[in-house]
Amino acid sequence: MPTSIPTAHYSIRSNGSLLDFAVCGAPTILNGVTVRKNSPVTCFQMCRSCRNGYQIDAVSTAQPPKRTQLSRLLRVCSASSRLLRRGVFVGTQTLPRAATTTMFNGPAALLLPLFLHLASADSSYFQSSEYTSGALGLSPVQSYYSSSLTPPEVNFLTNVTSEASTNYTMLTFRGTAAKQPAPMILDNAGDLVWSGSTFGQSMDLTTQELFGEKVLTFFNGSFYSAGYGLGQWMIIGSNYSVIRSVSMPNQTFGTSDFHEFVITKNNTALLESWVVVETDLSSVGGNSTGWTFDCRFAEMDLATNETLFQWSGLEHGVSVDESYFTISDNAGSSEDNPWDYCHINSLEKDNVGNYLVSMRGPSTLYYISGSTGDILWRLSGKNTNFTMGTNSTFWYQHDARFLTDNTVSPFNISLFDNANGGSTDAEPTARALILSVDTTAMTVTLMEEYLPSFGTTSASQGSTTVMANGNVFVGWGATPVYTEYTHDGTIVQDVRFGYNSTVQSYRAFKQSWTGYPLTSPDFALNSTGTLTAYASWNGATEVATWSLMGGNSTSGMASISNTTRSGFETEMTVKGSYTYLSAAALSSNGTCLGTTKVWTVSSQESTGTSGDCPSGGSSSSTTTSRKSAGTSLRFPTAALTVVAAVFVTLI
């Protein structure tokens with residue numbers, strides 16, 4: 001190994017034996033193949049522990065890592081980029097011996113096949129300067145042998161600590177640079193759990209409860225460059241089948257806005273819509289016969305479709321003069337070019353039946369009577385009813401939520417402070433805020449603020465969630481980053497999933513979820529070098545082990561080996577000679593959850609025949625649960641056919 005290249009030295013345990021494993025910043029050109037750009041002194045990506053029996057025991061380097069386990073894949077790279085990226089070796093799975101000896105010393109060479117199989121595996125970056133500079137493209141993605149899904153390949157900006165929640169991350173991966181937009185679930189290693197790629201561009205994926213069952217909800221539709229679109233709210237069960245779609249009641253064309261969909265504890269839905277109306281805009285520099293979006297919301301009964309409450313901003317005193325948005329580009333001059341003055345986003349109902357509404361244009365939270373529709377108070381903005389304490393004023397906010405009982409003063413509210421209305425900064429940086437609201441003294445006090453590692457504002461979107469463990473999880477909206485903090489503000493997870501705002505997620509959440517997909521697992525073979533099998537199952541959260549099945553006929557195949565599930569796609573080395581191969585997904589108690597199609601080894605193609613479970617395993621009860629999960633919810637026939645034509649405006 002050239003002495004001029006800085007090294008990172010690993011002691012790795014393999015079946016009880018220690019192997020010295022030294023890997024360093026490899027030369028830019030290796031046997032005529034570009035490996036990567038020159039790296040800084042630290043020449044590793046954090047080891048993502050425990051693959052095929054190898055476990056990180058100790059690490060010593062000029063800059064030792066703070067974590068030794070991020071997931072299931074041992075990987076060594078530079079701090080600025082992965083050592084072995086897809087395509088680095090121009091599609092080959094082996095290196096010339098000279099290259100092997102240049103990069104690896106002694107027993108470490110035995111691990112070379114392990115690294116070479118990373119070409120199409122679950123993958124991520126750690127503190128990659130190439131990623132953050134855009135050198136890797138606007139939207140780096142992962143790819144697989146067994147699946148055509150291409151979720152984002154994330155860049156960990158810091159170590160994931162033991163204080164981070166182990167729940168899944170809920171995103172709606174979208175944007176002009178998103179290769180495969182979808183509602184999406186990732187784990188703490190950045191590996192895919194579920195991609196709803198068949199739904200395409202979506203907004204606001206989250207878990208909710210409907211009639212006692214946990215469901216996923218999200219807005220699904222088309223998004224246009226002008227900021228408008230068509231879509232509907234989807235409710236899907238734990239088997240990922242659509243239970244129903246929902247739209248705003250009693251509106252022309254059934255219009256709904258994508259900003260909010262809340263299922264209450266009474267199984268009602270809170271929805272919003274933007275309705276174009278004629279109004280006087282002369283006080284804000286427009287025409288006396290101008291046009292604007294009126295911000296409206298409603299509550300409907302999901303069992304009967306009955307409209308329980310409706311509200312209009314213009315009809316209840318939210319004047320166009322309250323907005324900090326200004327008229328430009330002739331906005332408001334016609335019905336086809338309305339001005340957005342209010343921009344309603346989050347909506348919540350409290351225990352006494354009143355509503356907390358966030359409007360971005362006025363930079364104001366409105367507390368609205370659920371009986372009369374009157375505005376009971378305004379928080380922040382031009383007409384605030386409160387004295388705003390130091391640093392408690394916010395601008396162009398999203399996602400306002402009651403954190404404590406608002407009938408007992410003072411109470412706490414969380415929100416996302418964008419600090420930018422889409423063009424200019426009102427503050428130096430976006431913030432996640434926790435405010436104390438005193439409705440007796442009519443004061444607002446800043447309790448906590450959580451600042452982004454990237455240190456800028458966020459032009460749109462965003463979310464702030466205080467989780468059950470006390471941590472705060474923030475989705476930074478138009479900036480493709482999500483961050484988890486302890487209550488005191490310590491960052492325990494900080495992840496970027498795209499270069500800039502060409503990739504984004506409206507909100508981001510960290511939540512528990514259990515999925516039993518109706519689909520079958522996927523399978524693939526690759527005979528370049530050692531014959532290797534790959535298995536994955538989009539959305540299946542309960543797979544613990546993959547059993548590789550082999551035989552000389554498509555039925556009655558026997559289990560060859562068991563491999564612990566590793567990320568989204570699990571790699572299995574085939575030992576022995578077989579005519580046919582498949583894989584079976586096993587739960588932690590050994591129950592067979594599903595089987596892949598049988599593949600012919602010689603042609604490396606699917607036969608179309610479903611494979612077998614291992615001998616002694618049973619799939620009958622699991623199959624039943626897969627088919628029934630999420631389908632026991634019952635609605636009126638009319639409710640099942642509700643669809644929406646949605647006008648989506650800038651977020």
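Here are three short exercises on a sheet and some salt bridges, each with a worked solution.

Before you start: this is a predicted model, where local features need pLDDT of at least 70, side-chain atom pairs count only at pLDDT 80 or more, and totals for chains, interfaces and linings use all residues. Residues are numbered from 1 along each chain as its sequence is written, and side-chain values use heavy atoms, with hydrogens and water left out.

**Exercise 1. The sheet**

Work out which strands stand at the edges of the sheet S15-S16-S17-S18.

Step 1: Get the terms straight. Strands are DSSP runs of E, at least two residues, numbered from the N terminus; two of them pair if DSSP finds at least two bridges between them.

Step 2: Read the order. The sheet is open, has 4 strands and pairs in the antiparallel sense.

Step 3: Look for single partners. S15 (261-263) and S18 (307-312) each have a single partner strand, so one side of each lacks a neighbour in the sheet.

Step 4: Add the twist. On average, neighbouring strands here are turned by 25° against each other, direction ignored (axes are lines fitted to C-alpha atoms, and angles run from 0 to 180 degrees between N-to-C directions).

Step 5: Zoom in on one pairing. S17 (residues 290-301) and S18 share 5 bridges, antiparallel, and Phe 297 has Trp 311 in S18 as its bridge partner.

**Exercise 2. A long-range salt bridge**

Find which parts of the chain the pair Arg 507 and Glu 260 ties together.

Step 1: Check the contact. A salt bridge needs a side-chain nitrogen of Lys or Arg within 4 Å of a carboxyl oxygen of Asp or Glu. Here the closest N and O atoms are 3.0 Å apart.

Step 2: Locate both ends. Arg 507 sits in the loop between S31 (491-496) and S32 (509-511), and Glu 260 in the loop between S14 (242-246) and S15, so the pair ties together parts 247 residues apart in sequence.

Step 3: Check burial (buried is under 20% relative accessible area, exposed over 50%, partly exposed in between, with a 1.4 Å probe and protein chains only). Arg 507 is at 2%, so it counts as buried; Glu 260, also at 2%, counts as buried too.

**Exercise 3. Two more pairs and a network**

Say where Arg 431 and Asp 417 lie, then name the network members.

Step 1: Arg 431 and Asp 417 meet at 3.0 Å, N to O. Arg 431 is in S26 (residues 431-438) and Asp 417 in S25 (residues 411-417), 14 residues apart. Both are buried.

Step 2: Shared partners join Asp 204, Glu 260, Asp 399, Arg 401 and Arg 507 into one network.

Step 3: Inside it, Arg 401 meets Asp 399 at 2.8 Å, N to O.
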